[in-house]
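Work through these exercises with the model open beside you. Try each task before you read its solution.

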Amino acid sequence: TLIHDFPGASYMAMLDPVTLVLAARTIEIRSCRVEEAEALIEFNRSQSGWEFSTAEPEEFSADLDAVRGDLGRIAREPGLLRLVALHQGRIVGGLDFASPSRKRIRHRGKFGIAIAQEYRGAGIGTALIRAMLAWAKDHPTLEKVRLSVLSVNVRAIRLYERLGFEEEGRRMAECYLPRHGYVDEVMMATWVKCRREG
């Protein structure tokens, strides 16, 4: 069945630190901490306006207290996860995962990911996603992990495919990008446990 008894607060949405050497850099991957809220805001701001971002830099805003509150809540909620990749103490990548709490749909969750421009192509995105998938596989209720990606972001789509994600559908002309015009949003997913047929 897709509906499980949930063990509640006994399952925490935290990931212990993992240290990897990627492209000759020592990268630490772990859950983001409340005291890193300001650094997280700066990282997120640096990603707005990126070629495949849906936000312009001037549209980005963040309240420090709100971000601190969100990070505290993520640490307590079993269906939420916020990972960061750090190089020499600096946040160079991040991954957000959220799963709904309603029983009929809590078997699935969705993530988004961002990597600092000068660190792309070094394997950090792959490492973040693999860490999240391993966490999801051990999770008591999660079975399916979803994402959405713009159709022109071919490099990201190839990465997701290599990691086992398959296209499930598209939203046509979902986003307007200055360099590409109107582009589709591609919805992809993978199963971390036994695949279910609807």
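**Exercise 1. Compare the reach of helix α3 with the span expected for it, then decide how enclosed the helix is.**

Step 1. This is a predicted model. Find helix α3 at residues 124-138, a run of 15 residues.
Step 2. From its first C-alpha to its last, α3 reaches 22 Å. At 1.5 Å a residue, 21 Å is expected, so the two values are close.
Step 3. Now turn to burial, which here means under 20% relative accessible area. The buried residues of α3 include Ile-124, Leu-128, Met-132 and Trp-135. Gly-125, Thr-126 and Ala-136 are also among them.
Step 4. Eleven of the 15 residues of α3 are buried, so the rest of the structure largely encloses this helix.

**Exercise 2. Find the buried residues of helix α4 and say where they lie around its axis.**

Step 1. Helix α4 covers residues 154-162, and its buried residues are Ala-156, Ile-157, Leu-159 and Tyr-160.
Step 2. Look down the axis of α4: these buried residues fall within an arc of 160°, so they line one face of the helix.
Step 3. Check the other side of α4. Arg-155, Arg-158 and Arg-162 are exposed there.
Step 4. Ask what the buried residues of α4 pack against. Their partners are β5 (108-115), α3, β6 (144-150) and β8.
Step 5. Look just past the helix. Gly-164 follows α4, and its phi is positive, near 100°.

**Exercise 3. Give the strand order of the open sheet and name its edge strands.**

Step 1. Eight strands make up this open sheet, in the order β1-β2-β3-β4-β5-β6-β8-β7. The pairing is mixed.
Step 2. The edges are β1 (18-22) and β7, since each pairs on one side only.
Step 3. On average, neighbouring strands of the sheet are turned by 25° against each other, direction ignored.
Step 4. Take a parallel pair: β5 and β6 are joined over three bridges. Gly-109 has Val-145 in β6 as its bridge partner.
Step 5. Take an antiparallel pair: β7 (residues 166-177) and β8 (residues 181-191) are joined by eight bridges. Glu-167 has Met-188 in β8 as its bridge partner.
Step 6. β7 and β8 form a hairpin, with three residues between them.
Step 7. Add a helix to the picture. Helix α1 (residues 37-47) lies across β3 (80-87), β4 (90-98) and β5. It runs at about 85° to β4.

**Exercise 4. Sort Ser-31, Ala-24 and Ala-173 into buried, partly exposed or exposed.**

Step 1. Place Ser-31 in strand β2 (residues 25-31). Its relative accessibility is 4%, so Ser-31 counts as buried.
Step 2. Trace the side chain of Ser-31: it reaches the backbone nitrogen of Leu-15 at 2.6 Å.
Step 3. Place Ala-24 in the loop between β1 and β2. Its relative accessibility is 76%, so Ala-24 counts as exposed.
Step 4. Place Ala-173 in strand β7. Its relative accessibility is 43%, so Ala-173 counts as partly exposed.

**Exercise 5. What is the sign of phi at Ala-24 and at Ala-173?**

Step 1. Ala-24 is not a glycine, yet its phi is positive, about 65°.
Step 2. Ala-173 is likewise a residue other than glycine, and its phi is positive, near 50°.

Methods. Residues numbered from 1 in each chain as written. Predicted model: local features only at pLDDT ≥ 70, side-chain atom pairs only at ≥ 80, totals over all residues. Heavy atoms only, no water. Pairing = 2+ DSSP bridges. Helix = DSSP H or I, 4+ residues; strand = E, 2+ residues; numbered from the N terminus. Buried < 20%, exposed > 50% of the residue type's maximum accessible area, 1.4 Å probe, protein only. Arc of directions from axis to C-beta. Contact = heavy atoms within 4.5 Å. Axes fitted to C-alpha atoms, helices over the stretch in contact; angles between N-to-C directions. Polar contact = N/O pair within 3.5 Å; in protein donor to acceptor, adjacent residues only side chain to side chain.
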